[in-house]
Amino acid sequence: MKPKITLKDIARELDVSISTVSKALKNSKEISKDTKDRIKAFAKFYNYRPNNIALSLKNRRTKNIGVVIPDIVHHFFTTVFRGIEKYANSMGYNVIICISDESFDKEVINMEMLANGSIDGFILSLSAETQRKNDFTHLKELLDQGIPIVLFDRVTEEIACDKVILNDKGISIEAVEHFISTGAKKIALVTTENFFNVSESRKEGYLKALEDNHISINEDLILTLPHDLDNSKLIMEFFKNNEIDAVLCVNEIFAVQCLSIIQQLGYNVPNDISIIGFTDGILSKYASPKLTTVAQHGERMGEKAAKFLIDRMESLEMEEAPFKTEIINATLIKRDSTINK
């Protein structure tokens, strides 16, 4: 039995474009008779069959995109959605949003519901439970059905698709080095469970910056908080029991919680303890003092994710093209919660 081949395989073997192969197989007048005959003969010899599922999906376009985000509490996800909707609408697409509430089951149910003829493709950030379970069967099944997926922020190497991520490690290094430049040496990290890929990357940056600056790593200064509980008592004990002069928080909510508790304990921010958090949201801008933050450029991330998806859905060449990963460069916004020279 001859192996199953794709348009991309035929194009590569005959040294023509994917578009030329497609047009030749559809008997397009744009393609010369010799080229059509050669492509058709090759396709026939290898028993080429078009992907009927993908074709049927293409022929019944809904012009809807499904977006699944973990929650609406974090400002970052709302900005990403705004970027997705802005670009999608400009291209004539509508956006249907669902919230997984960090639940694997809800993520699966939402995607199964939307995949039943309601949408043409998905943009998704993985839920906490999906990353913890490391179970991506539902995503693989959708891809096998010809439904394209773009992952953003919380991604996995287990799924072959287009992705949009932040330079989490690099910007964490920059944040910690900003602390160090102001004289901080006892630098803490407040993070989430290690199954969150973004938190792990941010932790890697934190550790690398300490190592590069010859500062000993103290595991007591790394606080790992459960993502779904009230962490006030844990944060209070952490700052009571450790000598700290700066703290990097992997999200905005942790940063605001730490700011409040540090001040309750009688410390001055930033003179006693400096703080940097991720996500340049409303909480950071209106905190007192205003928080130095990492701007993740969520709207730009959303626009790029939407472009990836729509390009792949609308272009035959892109349908067969290699998957890409776009890295968005974050920006450190310096405000009053750090000593800025």
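Helices are runs of at least four residues assigned by DSSP and numbered from the N terminus. In this predicted model, helix α1 covers residues 7-14, and just after α1 comes Asp15, which takes a positive phi of about 60°. Within α1 itself, the buried residues are Leu7, Asp9, Ile10, Ala11 and Leu14. A helix makes a full turn every 3.6 residues, so positions three or four places apart point the same way.

A second place to look is the loop between β2 (94-99) and α6 (104-115), where Glu102 is found. Its relative accessible area is 12%, so Glu102 is buried, the cut-off being under 20%. The side chain of Glu102 reaches the backbone nitrogen of Ala128 at 2.7 Å. Glu102 also has a partner in Arg154: a polar contact of 2.7 Å joins their side chains. Ala128 and Arg154 both appear among the residues in contact with Glu102 once neighbours within four places in sequence are left aside, and the list further includes Pro70, Asp71, Ser127, Glu129 and His227.

The third site is Thr292, which belongs to strand β10 (residues 292-295). Is Thr292 buried or exposed? Thr292 counts as buried, because its relative accessibility is 0%. A polar atom of the Thr292 side chain lies 2.8 Å from the backbone nitrogen of Arg335. Arg335 is also one of the residues that Thr292 touches when those up to four places away in sequence are not counted. Others among them are Leu332, Ile333, Lys334, Asp336, Ser337 and Thr338, together with Ile275, Ile276 and Gly277.

Notes. Residues numbered from 1 in each chain as written. Predicted model: local features only at pLDDT ≥ 70, side-chain atom pairs only at ≥ 80, totals over all residues. Heavy atoms only, no water. Helix = DSSP H or I, 4+ residues; strand = E, 2+ residues; numbered from the N terminus. Buried < 20%, exposed > 50% of the residue type's maximum accessible area, 1.4 Å probe, protein only. Polar contact = N/O pair within 3.5 Å; in protein donor to acceptor, adjacent residues only side chain to side chain. Contact = heavy atoms within 4.5 Å.
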